[in-house]
Amino acid sequence: MLEEKNKKIDEQEKEIQLHKEKLSKQVDLSHEQNKLIQKQTIELEKHRHHLEKIVALRTNDLKFAKEKAEESDQLKTSFLENMSHEIRTPMNAIMGFAALLNENKIPESDKRKYTSRIYKNCQALLYLIDNILDMSKIHAGQMEIMKTNFSVNIALRELYEHYTREIEELKSKNIRIILSIKPEDKEYIIYSDPFRFSQIMHSLIGNALKYTEKGSIKFGFIPHYNTEYDKEPDMLQFFIEDTGIGIPSDKSEFIFDRFSKIEDDNSKLYRGAGLGLYIAKQLVTLMGGKIWVHSQLSKGSTFNFTLPYFDTEDIKPVKQKKPKPKRRIFPSYDWRNKTILIVEDEQNNFIFLSEIIKRTGAKILEASNGKQAYECIQKHSEINLVLMDLMMPEMDGYEATRKIKLLRPALPVIAQTAYTMAKEKKKSLETGCDGYISKPYDPPVLLDLINNFL
């Protein structure tokens, strides 16, 4: 009996021991599991923080994108509203004065006054269109800088003469135009784009003229030297100084942005699309310079920009012809023994050209595309000159000119087109055209050009 009891006790002790070992293993396993859970918890916490950062960054990106999209929408809306205003305002004047010209018994003095207003408002529209096209070319990275050597002194004197005449017509403003260079000053020849240089100066002087009611507008340039021993400057700094309304300090940072305009107060609305200074800055940058402004509210502003200056001793200056003022009176040419072929697919443009030329007595032939023009040249040996539109159906002006020049190499062909890119002029001349004029053009200028070839 005792042995059996001891045996049972031993078995129970073994069971207890096994149970203890099992419990110990379970405890160890539980401990390992706890460690694993703690580790996983830490990893999950890290992952949660990482996800929170990503979400925060994405949220900020989305917020920024939303703000930029809203800003872009506001700019587009502002641009469209401004364009509508800037287009409709001159169009209203053009249509209004054109309607007045249809009235009976209008005095000649009033006719001249109305046509002058129509002409000026057309110029305003053309300036706006040119600015929009330039902005598009800059935005697309397609703005070309056509460099050549030209005299800065001559270019500035031409600007001075232009704005002196313009201010004489603005009887409402009491402003003096001052050119800071003198005839005896050294002539500086720079290698840059004379057309774009003139565009920048017109933009800055025109801007000064818009915001200045009285006082003066002064412009010129200052040579900048690297050291006191340099014989030639490395930069020329141009300035346009006015006594206008000035720019608020909080606006000077944004004055060169697109669609940016300065308003004095509600007492006067200043016309403009807010593109001139933006384009000027982009052009200066493309030409290797910098532009900036110093201004005091109610006292005036000074715009400055620099352009690189190179030693041009080995470069022969390009002869710059002094531009003649635009003639508003038709020259009286007698072309009664001449025949002119007008190649134009737009009927309104053909009628306009016919009205200009018919007063000279010239015989006029018509072709509405390049194919008809070539056939007309084949039939009519008496044709003395061709006015060739470049963009037409069936056969364009380029191809027609090439074929005409093979048939009659000496026959003058003048390209006339609404495409004003420099490459269009170059392409037309390379094709064989003898002259080039861009639409819209002044009738006297066109007649003078035709007469050069007749």
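This is a walk through two sheets, the helices that lie on them, and a few salt bridges.

Before you start clicking, know that you are looking at a predicted model, in which local features need pLDDT of at least 70, side-chain atom pairs count only at pLDDT 80 or more, and totals for chains, interfaces and linings use all residues. Residues are numbered from 1 along each chain as its sequence is written, and side-chain values use heavy atoms, with hydrogens and water left out.

**Stop 1: the mixed sheet**

Turn on the cartoon view. Helices (H or I, at least four residues) and strands (E, at least two) are DSSP runs, numbered from the N terminus. Two strands count as paired if DSSP finds at least two bridges between them.

Select 174-179 and 291-296: these are β2 and β6, the edge strands, each pairing on one side only. They belong to an open sheet of five strands, in the order β2-β4-β5-β7-β6, with mixed pairing. On average, neighbouring strands here are turned by 15° against each other, direction ignored. (Axes are lines fitted to C-alpha atoms, for helices over the stretch in contact, and angles run from 0 to 180 degrees between N-to-C directions.)

Now add 214-224, which is β4. It runs parallel to β2, and six bridges join the two. Zoom in on Ile178 and you'll find Lys218 of β4 opposite.

Hop over to the other edge. Do β6 and β7 pair in the parallel or the antiparallel sense? The answer is antiparallel, over six bridges. Pick His294 and look for its bridge partner in β7, Thr302. The hairpin of these strands has three residues between them, and Ser298 takes a positive phi near 70° there.

**Stop 2: helices by the mixed sheet**

Select 194-211 to light up helix α4. This helix lies across β2, β4, β5, β6 and β7, and runs at about 175° to β7. Contact, by the way, means heavy atoms within 4.5 Å.

Next, select 152-169 for helix α3. The axes of α3 and α4 come within 11 Å and cross at roughly 35°. The crossing is right-handed, meaning that the near helix is turned clockwise from the far one by less than a right angle (anticlockwise would be left-handed).

Show side chains where these helices touch. On the α3 side you'll meet residues including Leu156, Leu159, Tyr163 and Ile167, while α4 brings, among them, Phe197, Met201, Ile205 and Leu209. The contact residues divide into nine nonpolar, four polar and one charged. (Ala, Val, Leu, Ile, Met, Phe, Trp, Tyr, Cys and Pro count as nonpolar, Asp, Glu, Lys and Arg as charged, and the others, Gly among them, as polar.)

**Stop 3: the parallel sheet**

Scroll along to 363-367 and 435-438, which are β9 and β12. They stand at the edges with a single partner strand each, so one side of each is left without a neighbour in the sheet. The five strands of this open sheet follow the order β9-β8-β10-β11-β12, and the pairing is parallel. Neighbours are turned by 20° against each other on average, direction ignored.

Select 385-389 and 413-417 to see β10 and β11, paired in the parallel sense over four bridges. Leu387 has Ile414 of β11 as its bridge partner.

Two helices are worth colouring here. Helix α6 (347-358) lies across β8, β9, β10 and β11, running at about 165° to β9. Helix α10 (443-453) lies across β8, β10, β11 and β12, at about 175° to β12.

**Stop 4: salt bridges**

How many salt bridges does the structure hold? There are nine, each being a side-chain nitrogen of Lys or Arg within 4 Å of a carboxyl oxygen of Asp or Glu. For the next bit, buried means under 20% relative accessible area, exposed over 50%, and partly exposed in between (1.4 Å probe, protein chains only).

- Arg336 and Asp334: the closest N and O atoms are 2.6 Å apart. Arg336 is exposed at 65%, while Asp334 is partly exposed at 45%.
- Lys358 and Glu355: this one is 3.0 Å, N to O. The residues are three apart in helix α6, so about one helical turn separates them.
- Lys405 and Asp434: here the closest N and O atoms are 2.8 Å apart. This pair links distant parts of the chain, with Lys405 in helix α8 and Asp434 in the loop between α9 and β12, 29 residues apart. Lys405 is buried at 14%, whereas Asp434 is partly exposed at 35%.

For a last pick, select Asp134, Lys137 and Arg196, which salt bridges with shared partners join into one network.
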